[in-house]
Amino acid sequence: MKPLKRPLRRAVLVVHVSASAGWLGLTLGLLALATAAITTDSGTMTEAAARSMKVFTDWLVLPLAVLTLLSGLTLALGTAWGLMRHRWVVTKFCITLVTLTASVFALRPGVDHAVQTVASGAPLPSATDLVMGPIVSFSAYLFMTVISVLKPWGPTRRGRRLRAEATSRKALDERSPGQTV
């Protein structure tokens, strides 16, 4: 992929940071709703919290997750950071894939099951199940935010090789006689 021009790179970066922050905030909202659902004695409040979680997971989680993934891939492939050049980028990419998959196959079905259960008048099947998804997700997103800011661990083996090749090409170009007019 060709490097992104500065205005496009900035626009994609704004989209990525906004989607990521939205995903993080949404998960904090899910955690608050799950906590409200498991700590109240009111069946009406439990059902309202579970239904609100369903709206969030059905309408917001997946679009934000996909937007975060796509904008992150665009930035990784269209900038010098690269997708496989730095360990922190690889880590963020893997965690994003895992959390997106968990949202589809664990979080949404778990919330759907909780809504069906409380709508039928039964108590929540497992308070721990309802709250653990948002806790794990929030922790993962917070961790990704930290490594995005700190950029730890240095380059991957591929990143070191590419950097060495670029340095040797630059040294070779500097030693080559320049063209004269």
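In which helix is the place of Val 149? In this predicted model, Val 149 sits in helix α4, and the paragraphs below come back to that residue after the overall fold and the interior have been described.

The protein is built from 5 helices and 0 strands, so that, read from the N terminus, its elements follow the order α-α-α-α-α. Its radius of gyration is 22 Å, well over the 16 Å that the globule rule gives for 181 residues, and the protein is therefore more spread out than a compact globule. The C-alpha trace, taken along its principal axes, spans about 85 × 30 × 25 Å. Among contacts with a separation of 6 or more, 79% join residues that are 24 or more positions apart. Of the 181 residues, 34% are buried, while the accessible surface comes to about 11,000 Å², with 67% of it belonging to carbon and sulfur atoms.

Turning to the interior, the largest nonpolar core contains 29 residues, and those with the most contacts inside it are Trp 23, Met 53, Leu 124, Leu 130 and Tyr 141. At least two residues of this core come from each of α1 (6–39), α2 (43–78), α3 (87–119) and α4 (127–150), with α1 giving the most, namely 9 residues. Leu 124 can serve as an example of how such a residue is surrounded: leaving aside residues up to four places away in sequence, Leu 124 touches Ala 37, Ile 38, Thr 46, Ala 114, Val 118 and Leu 130. A second core, separate from this one, has 5 residues, including Ala 76, Trp 88, Val 89 and Ile 147.

On the surface, Leu 142, Val 146, Val 149 and Leu 150 form a nonpolar patch, and together they have about 380 Å² of accessible area. Val 149, the residue of the opening question, lies in α4 and counts as exposed because its relative accessibility of 64% is over the 50% cut-off.

Beyond α4, the loop between α4 and α5 (157–175) holds Lys 151, which has a positive phi of about 50° although it is not a glycine. The relative accessible area of Lys 151 is 34%, and this residue is therefore classed as partly exposed, between the cut-offs of 20% and 50%. Trp 153 lies in the loop between α4 and α5, and its phi is near 80°, again a positive value in a residue other than glycine. With 43% relative accessibility, Trp 153 counts as partly exposed.

How values were computed: Residues are numbered from 1 along each chain as its sequence is written. This is a predicted model: local features need pLDDT of at least 70, side-chain atom pairs count only at pLDDT 80 or more; totals for chains, interfaces and linings use all residues. Side-chain values use heavy atoms; hydrogens and water are left out. A nonpolar core is a set of buried Ala, Val, Leu, Ile, Met, Phe, Trp, Tyr and Cys residues joined through side-chain atoms within 4.5 Å. Buried means under 20% relative accessible area, exposed over 50%, partly exposed in between (1.4 Å probe, protein chains only). Helices (H or I, at least four residues) and strands (E, at least two) are DSSP runs, numbered from the N terminus. Contact means heavy atoms within 4.5 Å. Patches are made of residues with over 30% relative accessible area and no salt bridge: like charges are joined within 9 Å, nonpolar side chains (Val, Leu, Ile, Met, Phe, Trp, Tyr) within 5 Å. Accessible areas come from the Shrake-Rupley method with a 1.4 Å probe; for residues, only the protein chains shown count as cover. A salt bridge is a side-chain nitrogen of Lys or Arg within 4 Å of a carboxyl oxygen of Asp or Glu. The radius of gyration is taken over C-alpha atoms; the globule rule is 2.2 Å times the number of residues to the power 0.38.
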